[in-house]
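Okay, everyone, thanks for making time for this. Have a look at the screen, and I'll walk you through a few spots.

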Amino acid sequence: MIVLPLIIISGFCYLINVYLFKVLRASAVMKECKFLASIILKNRKTAQSSSALTRGNRSSSFFINDRCLPLLNQIAPLLFFHAVRSQSGCFLLDYMGKNIVKMTISGDNSETIGIAPTEMIFEPILEDAVFRFDCSVEHRKAAFPSVSFKNIKDREVSVISHNVPAYTPTCVCLEEKQVVTFEFPPGTSFYGTGEVGGELERTGKRVFTWNTDAWGYGPGTTPLYQSHPWVLVVLPTGETLGVLADTTQKCEIDLRKEGIIRIIAPTSYPIITFGPFSSPTAVLESLSHAIGTVFMPPKWALGYHQCRFSYMSEKRVAEIAQTFRDKKIPADVIWMDIDYMDGFRCFTFDKAFFFLFWIISSIFLPERFPDPSALANYLHNNGFKAVWMLDPGIKKEEGYSVYDSGSKDDVWVKQADGKPFIGEVWPGPCVFPDYTNSKARSWWASLVQDFISNGVDGIWNDMNEPAVFNTVTKTMPENNIHCGDDELGGVQNHSHYHNVYGTLMARSTYEGIDLADKNKRPFVLTRAGFIGSQRYAATWTGDNLSTWEHLHMSISMVLQLGLSGQPLSGPDIGGFGGNATPRLFGRWMGVGAMFPFCRGHSEVATDDHEPWSFGGECEEVCRAALKRRYQLLPHFYTLFYIAHTTGAPVAAPIFFADPKDSRLRTVENAFLLGPLLIYASTLNNQGSHELHHIMPKGTWLRFDFEDSHPDLPTLYLQGGSIISVAPPHLHVGEFTLSDDLTLLVSLDENGKAEGLLFEDDGDGYGYTKGKFLITNYIAEKHSSIVTVKVSKTEGDWQRPKRRVHVRLLLGGGAMLDAWGMDGETIQINVPSKHEVSELITKSNESFKIHMENTKLIPEKEMLPGQKGMELSRVPIELNNGNWKLNIIPWIGGRILSMSHVPSGVQWLHSRIDINGYEEYSSTEYRSSGCTEEYNIIETDLEHASEEESLILEGDVGGGLVLQRKITMPSDNPNILRIASTIEARSVGAGSGGYSRLACLRVHPTFTLFHPTESFVSFTSIDGSKHEVWPDSGEQIYEGNNLPHGKWMLVDKRLNLQLVNMFDVSQVVKCIVNWDSGTVNMELWSEDRPVSKDETPLEIEHEYEVKFPIIVLQM
């Protein structure tokens, strides 16, 4: 039916052309008219060839700006279209009652012809149910080599298969961008997309892959530190498939419409699909056959890690280590941040307390790290390993051996002019190794090899997005040049290699550690990564905050990384930025002790965040949490062996237990460790036992280690499972094969259970040569007897002589016990059903009484003089219409986040005690008003569709009060209104009734999601038009240059405008200040004294997000 309208359109093309060029010749929009006519003329060819099309969408699209809209109503009658009309933010043209032209809001300001989306060509690769899709044969030839695939050839070689894809994407290429679209049935759920904040289920989200230093990120912040252009798709039936966009370049993954995946990235790149398979685990296993599995970690890496930015001397490190042992809190690793270095120079050790004054310091002050080998020996003798940080930025300093050798070997990333790029990081001006080149990787690996000889056990690669200070983009220029190896893509600019820079650094570091000692497994932690980086390094979720929101979000973030092929991850327990409260820290430790990677870390200038730093109650909970982890280490280690050999996840969402159950798909406070189910509370005033636990089908039996506490997670074991448990130890080195082994047994409805235990030396590569023992334990109930025995073994190791303690779970925490020798048959007599029921009832009652009598860890308020800021109090939320705000009255009444719901963008950049939306009471930056505690004067938090408002005020000194009213009008949900005043409340008579000079200075800090594609635009009072770009630094506008009541932040990539409207009579100065990844758009009132009798200083302004440009789709 679509052919007839196209033929009619082409038949009137000549009339349209004449109309456009004769009637509108004098129009100021002649350019748009000509373009519109040319597009319609092009449709003649489309119409003539449409009968030959056998697949795909026979449509075309083109973009015009909003000045062309009047033309559409003039052209429409010639095409027998009805008038242009609006529908849900779109514009439609009707042809005989059918919508054949659809115009949606977009921000692409270019005039571009869109090609009709067509189905992508495909071929089977790798194994059954894995397909490669390309836009065309030409695109297939033009695609760059894969960096994500472990074996590059696997993506390029087709295999014999008689299957065809279950879902075939369409593609369209616009302005050197390849747009790929998948359509899935309603009820489909999306996961993955790597390191992302926010909800577990990703429908409604849009993610950008561009590795970015994102301190203090929020749930809507994108991009973050890593890039995983990967989506796990769970269909309504529970069948699952995976979608990989195999491109290293900046990529947009748009999941905002139900059942639709849209991927946009520079041409040309292939799409790889895995499945559908019957389970999500099968998809991840298939993915691992392409991108590889996680490296096998040494067993000590699964213990607890203690870190801080920074432990400033070896004496402090020794104190921390000794305190862990004295307090009998399990721990295995102490970490050294950058302050161990000499002036932040990599591969050096700072032997003076202040490196800037090293001569004086060396005489009068104690050395900081005078002998790293001796420190390492001390730690090793006390059961600790040491991990040390290495950043990519190498100080540009002649005489510094690392810089000199790198310059000699010509290993630095180059500028476009061929000179080494110099960017500022911690040491000052730095050069950066070009890890895309094998020569540079070998050079770095040799440095790492030598560095290990100092007793280094593992290496931490930070700042490797790569982060660069004092730049708006927060990284190096995209036109920098990398001399990449041919198999990686050859010589390319930085935009091509940016997302894999961190992975290639981690690879080089891993290879250097491996060179140092072939009998030890390397351990590397990387901040930046790409899909496939799990082959070389673990990761963590970056610089998070000490808030309940970040505690909650950390679970989903760890799970998303696992669903994207990276199973070895965890957050900074307790939060990196800000001060945790005792309850928050203890609760986080309870959850974090169950994460695959378990590390506490905190920022400089915050309170101490060791487990004993928050009082006795918190310390006891932390000790119990870590004892749980160490008792479960045999289970963790077995899960990592399975992950390493099969690609299965270590931690998984609970819907893995039943992918068909839609109830489980959005559960965010629970996860699976194999058959072990962890249920945690992330709510401040609610313990884990008070939650409603949504359970998968089947048998799930609660148990504990006689350590139940409201601040610890609740544990369940799936029916049909056996897991192995060890005695509690203080570090991995205390474990021996002769230790008693405990088997926790949970029978299924058929009275059966099975489980696996992997054992080896805990380090080295003997396991690859048969030096290991895998034991399959089974349990089966016959009549009233449960028999537990070994059913099968693998490996060359002999079974250790040890006792086995079998604990048969009955439910409600009740258990039956039996002892025996490992390898022998052990039997348990099960009482009658009535007796079992009584045992369960008694255990449940005991558990209830215990939990009621055990109080949550007490909270505490911040005391005067404490370092850092406390964010764990619950912010006030305003949520109505198109806006969602979080306000923290106790820190300057600041707006912490300002999320635009329809676009999913959180506009504010906030660092706890600075930035976000602030207001000051004088012309000086950070003057009074931004840190005082504000009082809530009035709240009107109504239901959706009704007006919400909040009035708060703070004493800013000198008898002045800064009051702010935040309103979300019910009659216009697009608007966020803020009205602020500085009023005189108690100005003394001695000053004539007048206050000090006051100025109301509105200071919002907005995030630049795409710094090179963002600018501030406005028309000034004198009519001149301005576009202010990031390279302009700070710009001040006053008088006739002042914006005429409106200015806007434009993000061309997001296709959005954040419009700020204000009363120009209240504003005397506007300032645009660009910083690293942020921009301030300040409004200043006049600067004058305030009295009770005069009008207060005031600024009333509004924010609105607009979609400025029209996209036509035919």
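H15 and H16 run roughly parallel to each other, because the angle between them is under 35 degrees. This is a predicted model, by the way. The angle itself is about 5°, and the two axes sit 10 Å apart. H15 covers residues 548-563. On its side, the contact is made by Trp-548, His-550, Leu-551, Ser-554 and Ile-555. Coming from H16, you've got Arg-583, Leu-584, Arg-587, Trp-588 and Val-591. Sort the residues of that contact by class and you get six nonpolar, two polar and two charged.

Now stay on H16, residues 582-592, and look at its packing with H17, residues 616-631. How far apart are the axes of H16 and H17? They're 8 Å apart, and the angle is about 5°. So H16 and H17 are roughly parallel to each other too. From H16, this contact uses Pro-582, Phe-585, Gly-586, Met-589, Gly-590 and Gly-592. They meet Cys-618, Val-621, Cys-622, Ala-625, Leu-626 and Arg-629 of H17. By class, that contact of H16 with H17 has eight nonpolar residues, three polar ones and one charged.

Let's zoom out for a second. The chain has 1114 residues, and 61% of them count as buried. There are 19 helices and 65 strands in it. And if you take the contacts with a separation of 6 or more, 69% of them are between residues 24 or more positions apart.

On to the cores. In soluble globular proteins, nonpolar side chains tend to be buried together. Here, the largest nonpolar core has 177 residues. Which residues have the most contacts inside it? Those are Phe-274, Tyr-340, Trp-388, Phe-671 and Leu-673.

Let me pick out Phe-671. Skipping its neighbours within four places in sequence, Phe-671 is in contact with Ile-555 and Leu-559, and with Val-591, Met-594 and Phe-595. The list continues with Ala-651, Ala-652 and Ile-654, then Leu-676, Leu-677 and Ile-678. Two of those names should ring a bell: Ile-555 and Val-591 are also part of the H15 and H16 contact. There's also a second, separate core of 55 residues, and among its members are Val-472, Leu-908, Tyr-1037 and Met-1081.

Next, some backbone oddities. Where do we find cis peptide bonds? One joins Thr-267 and Ser-268, with omega at about -5°. Ser-268 sits in the loop between strand E17 (260-266) and strand E18 (271-277). Another cis bond joins Gly-275 and Pro-276, and there omega is about 10°. Pro-276 is in strand E18 itself.

Then there are two residues with a positive phi that aren't glycines. Leu-126 has a phi of about 65°, and you'll find Leu-126 in the loop between strand E7 (121-124) and strand E8 (130-134). Is Leu-126 buried or exposed? Neither, really: at 22% relative accessibility, Leu-126 counts as partly exposed. Ala-605 has a phi of about 75°. Its place is in the loop between strand E33 (598-600) and H17, so we're back beside a helix we've already met. Ala-605 has a relative accessible area of 49%, so partly exposed again.

Let's move to Ser-922, in the loop between strand E51 (917-920) and strand E52 (935-940). At 15% relative accessibility, Ser-922 counts as buried, because the cut-off for that is under 20%. Its side chain makes a polar contact of 3.1 Å with the side chain of Ser-927. Leaving out neighbours within four places in sequence, Ser-922 is in contact with Ser-927, Arg-996, Cys-999 and Arg-1001.

Last stop is Val-786, in strand E43, residues 785-794. At 1% relative accessibility, Val-786 counts as buried. What does Val-786 touch? Not counting residues up to four places away, there's Leu-747, then Ala-779, Glu-780 and Lys-781, then Leu-808, and finally Ile-826, Gln-827, Ile-828 and Val-830. With Val-830, the C-alpha atoms are 7.1 Å apart, while in sequence Val-786 and Val-830 are 44 residues apart.

That's my tour, so over to you for questions.

Note on methods: Residues numbered from 1 in each chain as written. Predicted model: local features only at pLDDT ≥ 70, side-chain atom pairs only at ≥ 80, totals over all residues. Heavy atoms only, no water. Axes fitted to C-alpha atoms, helices over the stretch in contact; angles between N-to-C directions. Helix = DSSP H or I, 4+ residues; strand = E, 2+ residues; numbered from the N terminus. Parallel < 35°, antiparallel > 145°, perpendicular 65-115°, else oblique. Contact = heavy atoms within 4.5 Å. Nonpolar A, V, L, I, M, F, W, Y, C, P; charged D, E, K, R; others polar. Core = buried A, V, L, I, M, F, W, Y, C linked by side-chain atoms within 4.5 Å. Buried < 20%, exposed > 50% of the residue type's maximum accessible area, 1.4 Å probe, protein only. Polar contact = N/O pair within 3.5 Å; in protein donor to acceptor, adjacent residues only side chain to side chain.
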